[in-house]
Amino acid sequence: MEPEHKRQLHARINGWFAENARDLPWRDPECSPWGILVSEVMLQQTPVGRVLPVWREWMERWPEPSSLAAEPSGEAVRAWGRLGYPRRALRLHAAATAITETHGGKVPDTHAALLTLPGVGDYTAAAVASFAFGRRETVVDTNIRRVHARLVTGNALPSPSLTAAEMRLAVSLLPDDGAEAVAWNASVMELGAMVCTARTPRCEECPVLSNCAWVHAGRPEPHYVPKGQAWHGTDRQVRGAIMAVLRHAEGPVRRELLLTGPVDLEAPAADSSLSPLGALHALSAPQEQLERALAGLLRDGLAELSDAGIRLPA
């Protein structure tokens, strides 16, 4: 891509972001690197609307890594609530412990150092280095990949998983100036989240509509059929229901109560108004699935077996 063309893209997309960016607390200049790290972990595969209240509760309760590290990992899992993929809570607790014990309580400020934290991969390290410390890093999430795919390659969607070609494209599009690169990362991510969405893109609102290769190609259909994520009836649903019981319980829960329910428990259709235990057994999951889901939670460290029953990790 010609340098002048890239400069136009940078100016248009960054200008759009400056006028249209959502007011999110982790974008506040006063937000700590720890707050940004927590937000990046919570936002993985989870919408902003669900993350906001949980993030605020976490930051009020654990404003520093050391305050989270001082509590049992089970408290992190409990406070994770219904964000999904609760292993992320364990990873954040492990990262907080490493930051406290190895980095003097301060979040590391380079990509390489961030990668040494438990549970921190390339994306999270690049995002925190960029958004918390102003580093010139190539941040590539699903929203960014989708904008790049449509704008430059003319595909409706990016590849099912990140490819080397996509990474090379992202690197080539990154502005040379550090501050502009940080803004570009945030701007393209926001454009993908709010305008260049997966299912119903609002092309008429796009600041680079006239440059879009996908639009010029006639908005062709995706070159593959995206796979939807099943939920009802899956082990993930059962795991989530068991976790809700453990988070709600004040102490250990007897294993047989999780697997068979109390004798007098009715089993109406699943309803959010039921108690967590009632909601679990309203799923009518087969015995083998309940046992498999519980075994997986124990294996993943999200629950542990005590003499009194099953509980969150101590």
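Let's start at H248, which sits in helix 13, the run covering residues 235–248. With a relative accessibility of 58%, over the 50% cut-off, H248 counts as exposed. Please keep in mind that this is a predicted model. Its protein chain contains 16 helices and two strands, and 45% of its 314 residues count as buried.

**Confidence and overall form**

- The average pLDDT of the protein chain is 92, and 95% of the residues score at least 70.
- One stretch to treat with care is residues 263–273, where the pLDDT is below 50. In the model, this stretch has 11 contacts beyond near neighbours in sequence.
- Where pLDDT is low, the predicted coordinates should not be read in detail.
- Taken along the principal axes, the C-alpha atoms of the protein chain fill a box of roughly 70 × 50 × 30 Å.
- If we take the contacts in the protein chain between residues at least 6 apart in sequence, 63% of them join residues at least 24 apart.
- For a sense of distance, H248 and R145 are 38 Å apart from C-alpha to C-alpha, with their positions 103 residues apart in sequence.

**Nonpolar cores**

- The largest nonpolar core has 59 residues. The residues with the most contacts inside this core are W34, M42, W58, I242, L246, L258 and L280.
- M42 is a good place to look around: leaving aside neighbours within four places in sequence, M42 is in contact with V51, V54, W55, W58, W80, L83 and R88.
- Another core, of 28 residues, lies apart from the largest one, and its members include I144, L151, C212 and V215.

**Aromatic pairs and a charge over a ring**

- The structure holds three aromatic pairs.
- In the pair formed by W26 and W55, the ring centres are 5.5 Å apart and the planes stand at 75°, so the arrangement is edge-to-face.
- W26 belongs to the loop between helix 1 (3–20) and helix 2 (33–42), while W55 belongs to helix 3 (residues 48–61), so their pairing ties together parts that are 29 residues apart in sequence.
- Both of these tryptophans, W26 and W55, are buried.
- W58 and W62 also pair edge-to-face, because their planes are at 80° and their ring centres lie 4.8 Å apart. W58 and W62 are both buried.
- Ring pairs join W58, W62 and W80 into a cluster. W58 and W80 have already appeared above as contacts of M42.
- Elsewhere, R150 lies over the face of W214, at a distance of 4.7 Å from the ring centre.

**H93 and its surroundings**

- H93 is found in helix 6, which covers residues 87–102.
- The relative accessibility of H93 is 11%, under the 20% cut-off, so this histidine counts as buried.
- A polar atom of the H93 side chain lies 2.6 Å from the backbone oxygen of E71.
- Not counting residues up to four places away in sequence, H93 touches L68, A69, E71, P72, S73 and A76. E71 is thus in this list of neighbours as well as being the residue whose backbone oxygen faces a polar atom of H93 at 2.6 Å.
- E60 offers a contrast in exposure: E60 is exposed, with a relative accessible area of 69%, whereas H93 is buried.
- E60 is in helix 3. Its C-alpha atom is separated by 16 Å from that of H93, and the two residues are 33 apart along the chain.

**Backbone points to check**

- Most residues other than glycine have a negative phi. Two residues with positive values are worth a look here.
- Q45 has a positive phi, near 60°, and is not a glycine. Q45 is placed in the loop between helix 2 and helix 3.
- Q45 counts as exposed because its relative accessibility is 59%, over the 50% cut-off.
- R219, also not a glycine, has a positive phi of about 55°. The loop between helix 12 (213–216) and helix 13 is where R219 lies.
- At 41% relative accessibility, R219 falls between the 20% and 50% cut-offs, so R219 counts as partly exposed.

Technical notes. Residues numbered from 1 in each chain as written. Heavy atoms only, no water. Helix = DSSP H or I, 4+ residues; strand = E, 2+ residues; numbered from the N terminus. Buried < 20%, exposed > 50% of the residue type's maximum accessible area, 1.4 Å probe, protein only. Polar contact = N/O pair within 3.5 Å; in protein donor to acceptor, adjacent residues only side chain to side chain. Contact = heavy atoms within 4.5 Å. pLDDT = per-residue confidence, 0-100. Phe/Tyr/Trp six-rings, centres within 6.5 Å; stacked < 30°, edge-to-face > 60°. Lys NZ or Arg CZ within 6 Å of the ring centre and 35° of its normal. Core = buried A, V, L, I, M, F, W, Y, C linked by side-chain atoms within 4.5 Å.
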